[in-house]
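Here's a quick walk through a structure, helix by helix and contact by contact. Have the viewer open and follow along.

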Amino acid sequence: MEGYRVLTTLLLMRSGYAYVPYSSLESVIENSKEGYYLALRQTQKTIRSPRPNWQRWAVYFLRALQQQKQRLEKKIERERLVLGTLPELSLQIVEALKERGRMTIGEIVNLTGANRNTVKKHVATLVEINHLAPTWNWQTLTQITLCDSTHETHHVHLL
């Protein structure tokens, strides 16, 4: 099953579907496994016949792509709404985390030139609105993870 995912992603990207890496086709298929296997079995039954019937598989696959695109549109709209309402310093913090991954509060202060307490308040607000999620880390005791539409993990330590 892994091979089809890689090949599908590559073919879609070569065809101009640049959104593919940002929205998981795998999760769409996982949520509709029954339909996936049914379409696959029905197509496989005819594969060695003089006239293979690809319709069931093609319809399933195209619908899965449509769902993938719709999910991404919703994610983008949610992120646009959240980012559109954030103060400039909060946007700087989010962008810095996307670029650098791990950062301390001190590094954010140095990067933005903002007051340390102001940075902490912006981080706390980002946690409250679920743009950052607190997680436990035994080494630093507290850590927050950036929640973004690509599901990448970005950390900042609260010192």
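## Helix α7, end to end

Let's start with a length check on helix α7, which covers residues 116-128. At 1.5 Å a residue, its 13 residues should span 18 Å, and the end C-alpha atoms are indeed 18 Å apart, so the two agree. Keep in mind that this is a predicted model.

Which residues of α7 are buried? They are Val119, His122, Val123 and Leu126. Looking down the axis of α7, these buried residues fall within an arc of 100°, so they line one face of the helix. The spacing fits a simple rule: an α-helix has 3.6 residues a turn, so residues three or four places apart point the same way. Over on the other side of α7, you'll find Asn117, Lys121 and Glu128 exposed.

Both ends of α7 are worth a look. At the N-terminal end, Asn115 acts as a cap, with a side-chain oxygen 2.7 Å from the backbone nitrogen of Asn117. Just past the helix, Asn130 takes a positive phi of about 65°.

## Helix α6

Helix α6 runs over residues 105-112, and its Ile105, Ile108 and Val109 are buried. Viewed down the axis of α6, the buried residues sit within an arc of 100°, so they line one face of this helix too. After α6 comes Gly113, with a positive phi near 80°.

## Salt bridges

How many salt bridges does a search of the whole structure find? Just two. One joins Lys69 and Glu73, whose side chains meet at 2.7 Å, N to O. Both residues belong to helix α4 and are four residues apart, about one turn of the helix. Lys69 has a relative accessible area of 40%, so it counts as partly exposed, and Glu73 is partly exposed as well, at 42%.

The other pairs Lys33 with Glu30, and here the closest N and O atoms are 3.2 Å apart. Lys33 is partly exposed at 36% relative accessibility, and Glu30 is also partly exposed, at 45%.

## A pairing across the sequence

Gln67 is in helix α4, which takes in residues 55-85. With 38% relative accessibility, Gln67 counts as partly exposed. Gln67 and Leu25 are 42 residues apart in sequence, yet their C-alpha atoms are 8.4 Å apart in space.

## A nonpolar patch on the surface

Leu7, Leu10 and Leu11 make up a nonpolar surface patch, together offering about 280 Å² of accessible area. Leu11 is part of helix α1, residues 2-14, and at 48% relative accessibility Leu11 counts as partly exposed.

Note on methods:
Residues numbered from 1 in each chain as written. Predicted model: local features only at pLDDT ≥ 70, side-chain atom pairs only at ≥ 80, totals over all residues. Heavy atoms only, no water. Buried < 20%, exposed > 50% of the residue type's maximum accessible area, 1.4 Å probe, protein only. Helix = DSSP H or I, 4+ residues; strand = E, 2+ residues; numbered from the N terminus. Arc of directions from axis to C-beta. Patch = residues over 30% accessible without salt bridge, like charges linked within 9 Å, V, L, I, M, F, W, Y side chains within 5 Å. Areas by Shrake-Rupley, 256 points an atom, 1.4 Å probe, with all protein chains shown as cover. Salt bridge = Lys/Arg side-chain N within 4 Å of Asp/Glu carboxyl O. Expected span 1.5 Å × (residues − 1). Polar contact = N/O pair within 3.5 Å; in protein donor to acceptor, adjacent residues only side chain to side chain.
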